[in-house]
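Subject: Structure handover

Dear colleague,

I am passing on to you the structure that we talked about, and I would be glad if you could look through it alongside the notes in this email.

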Amino acid sequence: MYFIKKFTVKKIKLIVGLANKGKEYTQTRHNVGSWYLKKLAKKYNQILKEEKKFLGYTTIINCCDSKLHLLIPSTFINFSGQSVAKIVNFYHIKSEEVLIVHDELDFVPGIAKFKIKSSYSGHNGIKNISTELGLSFKFYRLRIGIGRPINNEKINKFVLNKPSFFEKKLIDKSIDKAINCTEDFLNNPLKAMDKLHAFKASID
């Protein structure tokens with residue numbers, strides 16, 4: 001049950017999909033935020049193009065009667081805040097107008113969840129964004145489950161490796177569901193949370 005029944009999200013102006021730069025990381029677990037963003041751009045028939053002044057790849061989609069900036073930082077994931085800071089400062093975007101999409105160790109593959117009014121997390125990319133923009137910069141998050149390694153001491157290696165075939169299928173399904181819920185989140189966050197949080201992908 002949610003305790004924020006009257007909560008409304010201000011119009012989101014920027015969605016950021018976190019990732020590590022470099023082709024060797026494209027299909028790794030740490031890059032699932034970029035998988036989501038690329039699929040979202042494709043849904044709206046847009047292509048992300050490199051924009052050096054923002055240290056990332058960007059495009060604009062028309063969604064929910066407004067323009068929405070999409071960004072994949074071209075930095076390493078632990079320095080994502082450098083890219084996010086440049087674009088939010090350039091367009092004067094407020095913290096409550098930003099949605100950050102990233103991998104989540106605490107969810108198994110097949111699960112994705114929105115998080116409202118969130119800033120710091122154990123995720124190093126999220127931590128860097130909070131550091132670069134200030135702890136008062138409280139953005140929204142979409143967390144896409146990748147699961148945890150059996151040995152937590154091997155987390156760094158785990159996130160930088162590719163998911164298994166079946167994990168990839170589950171992650172892709174959760175991303176598709178999250179994209180279907182994105183417009184709902186922009187208009188009615190509680191409805192979107194109810195739909196997405198009740199979903200758990202399975203292998204057909």
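The notes below go through confidence, the cores, some single residues, the cysteines and the largest pocket.

Please keep in mind that this is a predicted model. The mean pLDDT of the chain is 91, and 92% of its residues reach 70 or more. Over residues 1-6, however, the pLDDT is below 50, and in the model this stretch has 7 contacts beyond near neighbours in sequence. Where pLDDT is low, the predicted coordinates should not be read in detail.

Turning to the interior, the largest nonpolar core has 41 residues, and the ones that touch the most other members are Ile15, Tyr36, Leu70, Leu99, Phe114 and Leu142. Helix α5, which covers residues 165-187, gives the most to this core, with 7 residues. There is also a second, separate core of 18 residues, and Leu71, Val88, Ile100 and Ile129 are included in it.

If you would like to follow one member of the largest core, Tyr36 is in contact with Ile15, Val101, Leu142, Ile144, Ile175, Ala178, Ile179 and Thr182, once its neighbours within four places in sequence are left aside. Ser34 is found in helix α1 (residues 32-43), and Ser34 counts as buried because its relative accessibility is 2%, under the cut-off of 20%. With neighbours within four places in sequence again left aside, the contacts of Ser34 are Gly17, Leu18, Ala19 and Ile72.

As for the cysteines, a search of the whole structure finds 0 disulfides. Cys63 counts as buried at 2% relative accessibility, and Cys181 counts as buried at 0%. Cys64 lies in the loop between β3 (56-63) and β4 (66-73), and Cys64 is also buried, since its relative accessible area is 17% and the cut-off is under 20%. Although Cys64 and Leu186 are 122 residues apart along the chain, their C-alpha atoms are separated by 7.5 Å. Beyond its neighbours within four places in sequence, Cys64 is in contact with Lys11, Glu183, Leu186 and Asn187.

Finally, the largest pocket has a volume of about 390 Å³. It is lined by 22 residues, of which His30, Leu105, Gly122, His123 and Asn124 are the closest to its centre. The elements that give two or more residues to this lining are β5 (98-104), β7 (139-145) and α4 (155-159).

With kind regards

Methods: Residues are numbered from 1 along each chain as its sequence is written. This is a predicted model: local features need pLDDT of at least 70, side-chain atom pairs count only at pLDDT 80 or more; totals for chains, interfaces and linings use all residues. Side-chain values use heavy atoms; hydrogens and water are left out. A disulfide is a pair of cysteine sulfur atoms within 2.5 Å. Buried means under 20% relative accessible area, exposed over 50%, partly exposed in between (1.4 Å probe, protein chains only). A nonpolar core is a set of buried Ala, Val, Leu, Ile, Met, Phe, Trp, Tyr and Cys residues joined through side-chain atoms within 4.5 Å. Helices (H or I, at least four residues) and strands (E, at least two) are DSSP runs, numbered from the N terminus. Contact means heavy atoms within 4.5 Å. pLDDT is the predictor's confidence in each residue, from 0 to 100. On a 1 Å grid over the protein atoms alone, a cavity is a set of points where a 1.4 Å probe fits but cannot get out, and a pocket is an open set with protein on both sides within 12 Å along at least five of seven lines; lining residues have an atom within 4 Å of a point. Grid points are joined across faces, edges and corners, and a volume is the space filled by probe spheres set on the points.
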